[in-house]
Amino acid sequence: MAFISVSNRDVEFMRSDNIITPHGFTIRQGGVSKGIFDSLNLGVSLGDDPADVRENYRRAMLALEMPLHRLVRSRQVHRDDVLIANESHAIDLYTPIPYEADGLITNIPNLPLMVFTADCIPVLLHDPVGGAIGAVHCGWRSTVMDIAGKAVRMMGESYGSKPENIRAAIGAGISLCCFETGEDVPTGVRKALGGDKFIFPKENGKFMVDLKGVVRELLIRSGLTPENIDTNPECTVCLHDKYWSHRYTKGQRGIQSAVIMLR
């Protein structure tokens with residue numbers, strides 16, 4: 001398994017060969033936005049020029065070969081809400097989203113699901129046997145609430161997906177090298193996992209936390225097999241010229257996405 005860089009129509013994105021349905025993890029390059037949003041910013045509420053954002057979406061969805069008019073997004077709030085998506089949830093980019101969810105699942109073909117990150121961990125799920133997909137935004141709060149595991153369980157309850165058939169791709173996000181935290185994050189991780197795995201104390205009283213490792217561990221505990229989980233090792237803070245990083249830019253930035261669709 002590996003993440004590879006794909007270029008289509010002058011837009012570059014990352015893809016996992018573990019996922020065999022159309023998908024992609026966008027990066028910063030390939031758009032038309034300017035200034036702090038340079039260039040493929042997909043955030044509609046960050047202050048970027050709406051015309052530039054619309055053009056960025058047009059370019060991204062063309063490169064991903066997915067229909068923009070059927071795109072489902074969500075208002076992410078760092079909780080564990082997972083939405084069962086259908087065509088009614090595909091609304092215009094600048095129409096206020098009337099629901100909150102950090103995870104999306106569906107079994108409807110040609111209905112792309114998109115989540116957004118700028119250091120948090122994006123997770124795409126695909127059940128090639130039962131025909132279902134999921135897209136999950138794993139901030140540390142939603143991670144320790146086990147939103148990824150909840151999406152797996154809801155795929156089972158809604159579509160009959162068996163965890164051992166589900167394939168996962170964990171995209172680029174803040175990595176162990178850069179995720180220094182206070183006590184709140186380790187406390188949440190200990191509650192979720194029952195131990196100090198993925199937590200590394202520092203002499204200054206802070207902690208380094210492997211959030212990608214926590215997500216992967218919770219997916220395994222949800223029934224996914226380790227060989228069906230692919231993780232991009234890239235750190236958004238270290239590679240801030242490639243990816244948007246909230247921590248590196250102190251919030252002055254755009255946003256990237258993870259998108260998946262059933263064909």
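## Helix 4, an N-terminal hairpin pair and the largest pocket

Just after helix 4, Gly194 adopts a positive phi of about 75°. The model is predicted.

**Helix 4 and its packing**

Helix 4 spans residues 184-193. Its buried residues are Val185, Pro186, Gly188, Val189 and Leu193. They lie on the same side of helix 4, because they cover an arc of only 160° around the axis. These buried residues pack against two helices and three strands: helix 2 (140-144), helix 5 (211-221), strand 10 (180-181), strand 11 (199-201) and strand 12 (207-209).

Take one residue of helix 4, Pro186. Is Pro186 buried or exposed? Its relative accessible area is 0%, so Pro186 is buried. Leaving aside neighbours within four places in sequence, Pro186 is in contact with Thr181, Ile199, Phe207 and Val209. Val214 is 28 residues away from Pro186 along the chain. The C-alpha atoms of Pro186 and Val214 are 11 Å apart.

**Strands 1 to 3**

Strand 1 covers residues 3-8 and strand 2 covers residues 11-16. Strand 3 covers residues 23-26. The table sets out the two pairings.

| Pair | Sense | Bridges | Residues in the hairpin connection |
|---|---|---|---|
| Strand 1 and strand 2 | antiparallel | six bridges | two residues |
| Strand 2 and strand 3 | antiparallel | two bridges | six residues |

Which residue of strand 2 is the bridge partner of Ser5? Met14 is. Met14 also stands opposite Phe25 in strand 3. Met14 thus links to Ser5 on one hand and to Phe25 on the other. In the turn between strand 1 and strand 2, Arg9 has a positive phi of about 55°.

**The largest pocket**

The largest pocket has a volume of about 740 Å³. It is lined by 32 residues. Which of them are closest to its centre? They are Gln76, His78, His137, Arg253 and Ile255. Three elements give two or more residues to the lining: strand 6 (113-117), helix 2 and helix 6 (246-249). By class, the lining has 16 nonpolar, 10 polar and six charged residues.

Helix 2 appears in both settings. The buried residues of helix 4 pack against helix 2, and helix 2 gives two or more residues to the lining of the largest pocket.

Key: Residues numbered from 1 in each chain as written. Predicted model: local features only at pLDDT ≥ 70, side-chain atom pairs only at ≥ 80, totals over all residues. Heavy atoms only, no water. Buried < 20%, exposed > 50% of the residue type's maximum accessible area, 1.4 Å probe, protein only. Helix = DSSP H or I, 4+ residues; strand = E, 2+ residues; numbered from the N terminus. Arc of directions from axis to C-beta. Contact = heavy atoms within 4.5 Å. Pairing = 2+ DSSP bridges. 1 Å grid on protein atoms, 1.4 Å probe; cavity = no way out; pocket = protein on both sides within 12 Å on 5 of 7 lines; lining within 4 Å. Points joined across faces, edges and corners; volume = space filled by probe spheres on them. Nonpolar A, V, L, I, M, F, W, Y, C, P; charged D, E, K, R; others polar.
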